[in-house]
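Trainee: I would like to look closely at a single part of this model, and I would be grateful for one connected explanation that I can follow with the structure open beside me. Could you take me through it slowly, from the overall arrangement to single residues?

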Amino acid sequence: MRFVIVTGMSGAGKITALKIFEDNGYYCVDNLPIPLIESFADLLFAQTSEKNKVAIGVDIRSGENLDKIDDVLSRMKAKEQNFEILFLDSNNNTLIKRFKETRRSHPMGDADSVENEIEAERKKLSYLRRHADYIIDTSNLLVRDLRAEIEKIFVMNRDYRNLFVTIMSFGFKYGVPADCDLVFDVRFLPNPYYVPELKHKTGEQQEVQDFVLKSPVSTEFLSKLIDMIRFLIPNYIDEGKSQLVIGIGCTGGHHRSVTVAKELHRQLDKADANYGIRITHRDILR
């Protein structure tokens, strides 16, 4: 029996996550009242039917009953009813933006601002986050990225240690991305912009990549950069960090930053990696 409690911040993607579980053969129940979770688990662990993969949604909509979740989970552990907790999180700015875009009110709904409601929700859910087996930060994830992470953990049973790495190319002329944890300036590398046949191409194209990467300076820089990131990742995992955004910037975000970001992604995107990874090019179409 695989019993997963899907929880997290409102707006972080819990409903989407439950749909992904359902697509992968899990029997899903959303917003089951806290007092009924134990009875539901008793029924499931006692039966031998085909329902051996279950995901239940638990969130702030449980209201005051949410305070009882620790007692319920403690009793389940005492009965040796094994469960896993998946906690979906996002930074405050992303959550606020999502609520504004959907024009939905926050479930807390009794504070004077969405930001205060989010902070109140964080306090209410702190127990579940503290005891989560897996934390996925969806601040920079697309639905397909979230699907890949959930399937890696709960379908392919791969090892997962709660870190998702985003490699983001950008142009300094448009500003440094606010959510970057690490920023690397690659404006010292050879610039295809001044080569007429490359000027209107991007780092997605092989000719531009060859031009940028053939320089000895580029080769040495990439070697040192990759070595440093490989050193940092396991230390960030041990620290409990769940989201790492690496910004690679050049002047316009078309050539050098895209090329370096793609090469860094290629080197780090290993099948046996115990972290998730994605690449995005913020300014490539500007």
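**The five-stranded sheet and its surroundings**

Mentor: In this predicted model, five strands form an open sheet in which they follow the order 2-3-1-4-5, and their pairing is parallel. Strand 2 (27–30) and strand 5 (134–137) are the edge strands, and each has a single partner strand, so one side of each has no neighbour in the sheet. From one strand to the next, the twist averages 20 degrees.

Let us begin at one of these edges. Strand 2 pairs with strand 3 (residues 53–57) in the parallel sense, and four bridges connect the two. If you wish to find one such place in the structure, look for Y27, whose bridge partner in strand 3 is V54.

Towards the other edge, you can turn to a helix that lies across several strands. Helix 7 (residues 143–154) lies across strand 1 (2–8), strand 4 (84–89) and strand 5, and its direction is at about 170 degrees to that of strand 5.

Next, consider the loop between strand 3 and helix 3, which is where D59 is found. Is D59 buried or exposed? Its relative accessibility is 5%, and because buried means under 20%, D59 counts as buried. Leaving aside residues up to four places away in sequence, D59 touches T7, G8, K14, N31 and L66. With one of these, K14, there is also a polar contact between the side chains, at 2.9 Å.

The loop brings us to helix 3 (residues 69–78), whose axis comes within 9 Å of the axis of helix 2 (residues 34–46), the two crossing at roughly 10 degrees. Angles under 35 degrees count as roughly parallel, and helix 2 and helix 3 are therefore roughly parallel to each other. Where they meet, helix 2 contributes I34, I37, E38 and A41, while helix 3 contributes I69, V72, R75 and M76. Sorted by class, this contact has six nonpolar residues, two charged residues and no polar ones.

For comparison, it is worth following a strand further along the chain. Strand 6 (residues 164–171) has eight of its eight residues buried, so the rest of the structure largely encloses it. In a regular strand, side chains alternate between the two faces of the sheet. Here both faces are covered, with F164, T166, M168 and F170 buried on one side and V165, I167, S169 and G171 buried on the other. Strand 6 pairs in the parallel sense with strand 8 (residues 243–250) over eight bridges, and V165 stands opposite L244 of strand 8. Strand 6 also runs parallel to strand 9 (residues 276–281), to which six bridges join it, and there S169 has H281 as its bridge partner.

Finally, the segment after strand 9 holds R282, which at 30% relative accessibility counts as partly exposed. Apart from residues up to four places away in sequence, R282 touches several residues, among them M168, S169, F170 and G171. A polar atom of the R282 side chain lies 2.6 Å from the backbone oxygen of G175, and a polar contact of 2.9 Å joins the side chains of R282 and D283. To see how distant parts of the chain relate, compare R282 with K173: they are 109 residues apart along the chain, and their C-alpha atoms are separated by 12 Å.

Notes. Residues numbered from 1 in each chain as written. Predicted model: local features only at pLDDT ≥ 70, side-chain atom pairs only at ≥ 80, totals over all residues. Heavy atoms only, no water. Axes fitted to C-alpha atoms, helices over the stretch in contact; angles between N-to-C directions. Parallel < 35°, antiparallel > 145°, perpendicular 65-115°, else oblique. Contact = heavy atoms within 4.5 Å. Nonpolar A, V, L, I, M, F, W, Y, C, P; charged D, E, K, R; others polar. Pairing = 2+ DSSP bridges. Buried < 20%, exposed > 50% of the residue type's maximum accessible area, 1.4 Å probe, protein only. Polar contact = N/O pair within 3.5 Å; in protein donor to acceptor, adjacent residues only side chain to side chain.
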